[in-house]
Amino acid sequence: MPAIKKAEPVIRKGRSGSAVNQDPDVWAKITGKAVYGTDLYFPGMLYGKILRSPHPHARIKRIDTAGAYAVPGVRSVLTAGDISNKSYGIVVEDEQPLAHNRARYIGDEVAAVAAVDEESASKALEAIKIEYEPLPAIFDPTEALLDEAVQIHNNCPGNIAWERDMERGEPERAFAGADLVVENEFSIPSVHPTYLEPIACVAVSDYMENLTIYTALQSPDVVREIIAEALELPLSKVRIIGPVMGGGFGGRVYGNLKLYLLSSLLSMHTGSSVKMRLTREEEFTVGRPMIAARMKVRMALRRDGTFLARESDIITDNGAYSAQAPWVSKTLSERNDSVYRIPNIKTRARLVYTNKVPTAQYRGYGNQAANFAYESLIDQAAQKLSLDPLHLRLKNCTRAGDVTVHGLDIKSCALSECLQKAAEKVGWNNRKEGCGYGISAGIHASGSLVANKDFRGASARAVLELDGRMTVYTGEQEYGQGAYGAFVQIAARTLGLEPQLLTIYCRDTLVTPYSQGALANRQTTIGGRAVQLAAEELKKLIEEAASEMTGEPVKMIGGSLAAVSGKLIRFDEVARYHHHRTSGLTLAGEGCYVPPPSKYDETSYGNISVTYSFAAHAAEVKVDRETGALTVHRIVAVHDSGHIVNPPGARGQIYGGVTQGLGFGCYEGYVFDRGKVANSSLADYRIPTALDVPRIDYHFIEINDPEGPFGAKGLGEVVQVPVPGAIANAVADATGVRVTNLPITAEKIYRTMFKGECDG
Amino acid sequence: MKEQVIAFELNGEKVETYTDPALSLLHLLRSRFNLLGTKEGCGRGECGACTVLVDGRAVNSCLVPAGKVRGRKVYTIEGVTAEGLLRGAKVHPLQEAFVESGAVQCGFCTPGMVMSTYALLNDNPSPSPEEVREAISGNLCRCSGYKQIEEAVLEAAQRLKAQDWQDRNSGKT
């Protein structure tokens with residue numbers, strides 16, 4: 001009998017799936033009791049704020065902080081000279097906690113203060129005097145490449161943060177022998193993940209040099225290592241504990257490192273806990289959007305539609321500091337080459353520094369940006385060859401058993417079925433009068449093998465508690481996408497137990513297994529597989545302990561423990577037996593899933609992922625022929641994500657991901673005015689509202705993948721990839737003209753229709 | 001501005017506080033009353049995460065000065081939760097429908113979504129899907145695509161009618 005009599009929730013089965021989403025925080029969230037970073041409070045806590053450069057590029061000549069210290073309630077004021085200010089970075093070490101001598105964008109962190117409340121901290125910022133000497137600034141990446149351009153980072157001549165020249169096969173010969181060559185230029189602006197909770201954290205340092213940071217991250221274990229190194233602390237002294245995460249979408253893989261480092265430094269300086277949070281405006285102006293891209297692309301085909309070769313010249317706009325932008329540029333510049341069988345590829349990609357907001361990543365990792373360009377070009381080719389765009393795709397699409405042009409090993413693939421189903425469901429051959437139809441196909445890695453070639457997998461721990469229940473310890477992250485729901489399903493299925501008997505323990509780097517985190521579509525595929533293996537190990541340990549206890553062989557079948565004599569044993573009996581016998585140990589199964597190494601070479605040829613997810617989306621749109629106004633009627637999303645283990649979670653990923661793809665295609669994009677973000681509010685940077693979302697139909701082609709747990713593959717990222725391309729092709733179908741720069745707005749459609757231009 | 005005494009009704013209880021009347025209702029609720037269920041997503045009335053009811057109407061609490069709620073009824077997500085508990089349920093049927101429809105993902109928009117749709121169902125017990133979308137058009141959600149939220153509200157409307165659920169505290173007139 002529970003101590004408090006409480007009504008049990010009546011859990012009705014979800015309409016579309018076999019189980020409801022088992023996010024362990026769901027009841028706290030619905031009642032307003034879930035604690036996010038922004039809700040955290042610690043006794044004696046101080047509040048930190050950051051002074052930012054008002055110049056896009058300037059020399060910092062002098063900083064006077066005396067006035068700030070005179071503000072009542074101020075406890076610490078830090079500038080670059082007060083700290084060791086070690087350089088750090090994710091790919092390129094081009095950042096320091098505070099700008100030293102030079103500020104490189106409007107928003108660059110110049111000083112940080114901690115005070116007893118936010119008002120005093122703000123007053124202190126106003127009291128800091130800084131003398132700047134403005135320097136010439138560069139906002140356009142093509143200008144940054146010019147010889148006479150000012151150098152933004154001293155050790156980076158030509159302002160190139162990362163570059164890549166890649167050739168596969170014999171592209172020049174293929175172009176020379178082609179029946180048709182089509183080409184075009186496309187541009188895609190920076191977009192922000194726009195998670196609804198602005199990033200917040202509390203840093204707590206103590207006199208034993210322990211540093212605990214409370215903040216929600218997609219990759220807390222990786223961030224912990226970066227922080228320990230940047231602050232020159234022993235790794236074991238740094239711990240990250242995650243409150244509930246108010247959305248991530250790639251933006252919280254590394255979150256806002258500046259905020260974590262500065263709150264930590266302020267806490268180490270004052271000995272008090274320090275809370276910092278970004279405003280929504282700061283999210284847009286100093287948070288980390290995804291890189292913008294300009295793509296010049298060419299494609300060679302045979303008369304019958306066979307793809308022969310593709311050539312791309314890609315410039316991505318890094319902004320002032322690099323973070324993950326090199327990796328995003330890499331995915332952007334090559335992933336789409338594996339959607340189809342294209343034997344010859346030539347790509348030049350350059351990531352270029354400018355004096356604008358630094359960039360990072362967003363769900364889809366640039367794959368969706370390039371997909372828009374390449375899928376648009378395929379439709380151009382179809383038109384020239386008078387071929388059906390669907391048939392052209394079916395003729396060339398990647399199939400199971402293929403090793404793609406970059407060496408991706410495609411073990412399972414239902415892309416052709418996805419294309420056919422998407423076309424069938426949208427009414428490809430049964431079109432409505434006055435509507436435009438477009439289709440697009442995508443691939444996404446599901447569990448990276450090459451982000452860290454030596455660390456490819458995941459681990460998990462499954463524990464039998466003394467009361468007979470079980471706990472799964474995982475370092476993977478849940479933020480409403482359904483990862484823990486999937487893990488509970490996987491563990492329950494492995495153990496033959498009811499999901500209600502399982503609990504997930506997570507979000508504490510001191511306790512949970514190390515993980516690369518929620519990225520690269522890897523949670524279900526890799527993290528889930530580790531959970532499966534840990535559960536299998538626990539099952540074995542339970543059977544062994546029970547056999548020892550009863551003196552006869554015991555098997556765990558259908559959720560029960562049965563001895564050969566027929567005697568049934570309770571789980572808590574076995575747990576207690578082991579606990580007493582070992583004076584306090586619990587039965588714990590550890591599982592690690594280590595995917596086979598990849599032969600990935602220095603030219604980036606080779607398998608990069610455990611498996612690959614595929615999708616084809618079809619769009620039905622209507623364009624007002626007089627004004628260019630676009631109405632997206634319908635998106636049909638057909639996916640090969642293998643076996644779907646958590647149907648309600650998968651449904652949430654489809655609706656949410658397609659809606660973000662709609663935003664990417666039709667609404668979103670940074671606008672700059674001389675380096676200043678001109679649309680730094682949710683009123684000006686528009687994301688889709690409930691009134692904007694079209695009808696979304698979805699369908700899963702459930703083939704079993706040989707690698708994923710119970711045949712599952714990732715879904716969260718690939719779902720956004722084909723959307724902008726499908727809409728772009730549908731708009732071109734409706735109007736006869738093509739908009740080549742995102743977002744596809746009414747104004748651009750109008751200008752393209754009537755003025756033959758598209759300059760954004 | 002000078003601090004003043006402000007008395008109002010909060011989730012069915014009479015309360016009195018001494019505060020700057022220009023302080024936003026959002027901050028008053030969060031810092032003075034420790035009601036952290038009301039979230040700040042932008043602080044400028046653009047995202048709806050801070051939606052509460054004032055005399056039964058859904059408003060962005062970040063835009064309402066504390067002085068404006070003097071003598072009025074303020075109702076928050078904590079009030080809705082308590083309403084469910086007082087009726088012997090785990091949560092309010094609207095909240096239950098959100099959970100079952102998969103309408104809660106990261107959850108940061110959720111309290112605001114619940115408040116906007118709570119107000120809708122008070123005014124219009126049988127809304128159409130279009131009316132639901134209209135009611136939440138000021139509440140941004142980045143996870144869901146809104147479909148599951150729309151389904152949850154339509155389902156909740158059925159359940160509230162079936163259970164003859166009467167709201168007593170929100171200030172509905």
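Student: What makes chain B agree with a compact globule?

Tutor: This is a predicted model, and its chain B has 173 residues. A compact globule with that many residues would have a radius of gyration near 16 Å; chain B has 15 Å, so the two agree. Along the principal axes, the C-alpha atoms of chain B fill a box of roughly 45 × 30 × 25 Å.

Student: How much of chain B is called buried?

Tutor: Buried residues make up 58% of the 173 residues. To earn that label, a residue needs 20 or more other C-beta atoms within 10 Å of its own. There's also a figure for contacts in chain B with a separation of 6 or more: residues 24 or more positions apart account for 61% of them.

Student: What is chain B built from?

Tutor: Chain B has 6 helices and 5 strands. Reading from the N terminus, they run β-β-α-β-β-β-α-α-α-α-α.

Student: Which domains does the assignment give for chain B?

Tutor: Domain 1 covers 4-76 and domain 2 covers 78-163. Their C-alpha centres lie 20 Å apart.

Student: How do you know that domain 1 of chain B is in contact with domain 2 of chain B?

Tutor: Two residues are in contact if their C-beta atoms lie within 7 Å. In chain B, 19 residues of domain 1 are in contact with 14 residues of domain 2. On the domain 1 side, strand 3 (51-54) and strand 4 (57-60) of chain B are the elements giving two or more residues. Strand 3 of chain B gives the most, with 3 residues. By class, that side of domain 1 has 8 nonpolar, 9 polar and 2 charged residues.

Student: How do you know that the length of helix 6 of chain B agrees with what it should span?

Tutor: Helix 6 of chain B has 17 residues, 147-163, and at 1.5 Å a residue it should span 24 Å. Its end C-alpha atoms are 25 Å apart, so the value agrees. Just after helix 6 of chain B comes B:Asp164, with a positive phi near 50 degrees.

Student: Which residues of helix 6 of chain B are buried, and what do they pack against?

Tutor: Among the buried ones are B:Lys147, B:Ile149, B:Val153, B:Ala156 and B:Leu160. The buried residues of this helix pack against helix 3 (93-100), helix 4 (110-123) and helix 5 (129-135) of chain B, together with helix 16 and strand 28 (695-700) of chain A.

Student: What does chain A bring to its contacts with chain B?

Tutor: 50 residues of chain A are in contact with 42 residues of chain B. Helix 1 (26-30) and helix 16 (647-666) of chain A each supply at least two residues of the chain A side. The largest share, 7 residues, comes from helix 16 of chain A. Sorted by class, the chain A side divides into 24 nonpolar, 16 polar and 10 charged residues.

Student: Why is A:Lys540 called partly exposed?

Tutor: Partly exposed is the class in between: 20 or more neighbours would be buried, and 12 or fewer would be exposed. A:Lys540 has 13 C-beta neighbours inside 10 Å, so it counts as partly exposed. You'll find A:Lys540 in helix 14 (residues 523-550) of chain A. Its C-alpha atom is 9.9 Å from that of A:Leu495, and the two residues are 45 apart along the chain.

Student: What makes both faces of strand 10 of chain A count as covered?

Tutor: Look at the two sides of strand 10 (residues 211-214) of chain A: A:Leu211 and A:Ile213 are on one, A:Thr212 and A:Tyr214 on the other, and all are buried. In a regular strand, side chains alternate between the two faces of the sheet.

Student: How do you know that strand 9 of chain A and strand 10 of chain A pair?

Tutor: Pairing takes at least two bridges. Strand 9 (residues 200-205) and strand 10 of chain A have 4 bridges, in the antiparallel sense, so they meet the cut-off for a pair. In this pairing, A:Val202 stands opposite A:Tyr214. The two strands form a hairpin with 5 residues between them, and A:Glu209 in the turn has a positive phi of about 65 degrees.

Student: Which strand is joined to strand 10 of chain A in parallel?

Tutor: That's strand 11 (residues 238-241) of chain A, joined to strand 10 by 4 bridges. The bridge partner of A:Thr212 in strand 11 of chain A is A:Arg239.

Conventions
Residues are numbered from 1 along each chain as its sequence is written. Chains are lettered from A and ligands numbered from 1 in the order in which they are written. This is a predicted model: local features need pLDDT of at least 70, side-chain atom pairs count only at pLDDT 80 or more; totals for chains, interfaces and linings use all residues. The radius of gyration is taken over C-alpha atoms; the globule rule is 2.2 Å times the number of residues to the power 0.38. Domain bounds come from an automatic or database domain assignment. Ala, Val, Leu, Ile, Met, Phe, Trp, Tyr, Cys and Pro count as nonpolar, Asp, Glu, Lys and Arg as charged, and the others, Gly among them, as polar. The expected span of a helix is 1.5 Å times one less than its number of residues.
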